[in-house]
Amino acid sequence: MQIIIKKYERIDEEQFAQLLHLCFEEEYLLSVVYSSKLKFAYSAFFKNKLIGIVIAWTSSFHPYCTYFRILSNPLYKRLSIEEKLLSNIEKLETINFPLQTSVWETSTNLRKVYEKNGFIEIRRTYMPKLKVTDVKGDSPHNSEKHVMKTLEEVISNEVLVEKLTLVVKRNYEKTHVVNPVVEKGLEEWKEMILADDVVPNGSYIYLDIDEEDIIAYSFLHESDREDALELGWCGTSESQNKELIPQLTFQQIKYAIKHDIQFIVGEFDTTDKYAMEVLSTLPFAPCPTWITYQK
């Protein structure tokens, strides 16, 4: 049975969108194929039906690898679409290695293809929901050692904002050693941290008793859903204080309940010990993991 592989064309967009839906992939991939970041996109056809696609692109924030996705219609598994598309990628000379991709834990066939072809798992990402009313009671807060402030209260203090930015930058870079970030100045990091979707009064920071140093932080962000908010940057200045993060998350849960929010959504990488501390402390709903591979 002959599979035809050719460059992606706009006329195939409707079939591409259907394939995205079938593979539970993000719709942003529809725009990637028309962006300046695109490296290439190839489609796989069987009897004029789009049954697979591979897309590769670059990231200005993580510029030291080539990102790609392979999507395939599971009903055509016997045609080994994934192997054919992957083989097509590795023949190209324009690739910036390493190659990096992500796949749902439940996509067992695609995982086997990557592992068989030398891809190494570098992390898993959990993206569960927490029903805020499931969290009963309160978190202990040792006011003798730390002072809790909202981001809104800290923003006006330029010295503290700079210290916060430095800690966030350092922690993020440590969790992405395998796929490093580009070097950015503090002002650029500050802009990312204080993005438009951040919730200043729902983001909490622990300061030392003299209110001069950052001890811990946990950010809250708006969501596409009206009934949900999202956890964002979190960490501490000293790793031994990671148990402080769930205390801040408790405050965020209280904030959510007060504002009639039903769910808090998290994104927890196994390479981020601070995020994993939150995941292991609170009753998030079970969910499949998003596995990232690199070669």
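**Reading a predicted chain: burial, helix packing and pockets**

Buried residues make up 49% of the 295 residues in the chain of this predicted model.

User: What else describes the chain as a whole?

Analyst: The chain holds nine helices and 14 strands. Its C-alpha trace spans about 70 × 40 × 35 Å along the principal axes. Of the contacts with a separation of 6 or more, 70% are between residues 24 or more positions apart.

User: How do I read the packing of two helices, and what is the case for α8 and α9?

Analyst: Two packed helices are described by the angle between their axes and by the distance between those axes. Here, helix α8 covers residues 244-258 and helix α9 covers residues 273-281; their axes come within 8 Å and cross at roughly 60 degrees. The crossing of α8 past α9 is right-handed.

User: Which residues of α8 and α9 meet?

Analyst: From α8 there are Ile245, Pro246 and Thr249, and from α9 Tyr274, Glu277, Val278 and Thr281. By class, this contact has four nonpolar, two polar and one charged residues.

User: How is empty space found, and what is the volume of the largest pocket?

Analyst: Rolling a probe the size of a water molecule over the atoms shows where empty space is left. The largest pocket has a volume of about 2,100 Å³. Its lining consists of 49 residues, and those nearest the centre are Thr125, Met127, Glu230, Glu267 and Asp269. Strand β11, residues 228-236, gives the most to this lining, with five residues. Sorted by class, the lining of the largest pocket has 20 nonpolar, 17 polar and twelve charged residues.

User: Asp269 is in that list. Is Asp269 buried or exposed, and why?

Analyst: Asp269 has a relative accessible area of 13%, and because the cut-off for buried is under 20%, Asp269 counts as buried. Asp269 lies in strand β13, residues 268-269. Leaving out residues up to four places away in sequence, Asp269 touches Arg123, Arg124, Thr125, His176 and Met276.

User: How much space lies in the second largest pocket, and what lines that pocket?

Analyst: The second largest pocket holds about 430 Å³ of space. It is lined by 21 residues, with Cys23, Ser72, Pro74, Thr106 and Ser107 nearest its centre. At least two lining residues come from each of β4 (66-72), β5 (99-104) and α4 (108-116).

User: How do the lining residues of the second largest pocket divide by class?

Analyst: The lining of the second largest pocket has eleven nonpolar, seven polar and three charged residues.

Conventions: Residues numbered from 1 in each chain as written. Predicted model: local features only at pLDDT ≥ 70, side-chain atom pairs only at ≥ 80, totals over all residues. Heavy atoms only, no water. Axes fitted to C-alpha atoms, helices over the stretch in contact; angles between N-to-C directions. Helix = DSSP H or I, 4+ residues; strand = E, 2+ residues; numbered from the N terminus. Left-handed = near helix turned anticlockwise from the far one by under 90°. Contact = heavy atoms within 4.5 Å. Nonpolar A, V, L, I, M, F, W, Y, C, P; charged D, E, K, R; others polar. 1 Å grid on protein atoms, 1.4 Å probe; cavity = no way out; pocket = protein on both sides within 12 Å on 5 of 7 lines; lining within 4 Å. Points joined across faces, edges and corners; volume = space filled by probe spheres on them. Buried < 20%, exposed > 50% of the residue type's maximum accessible area, 1.4 Å probe, protein only.
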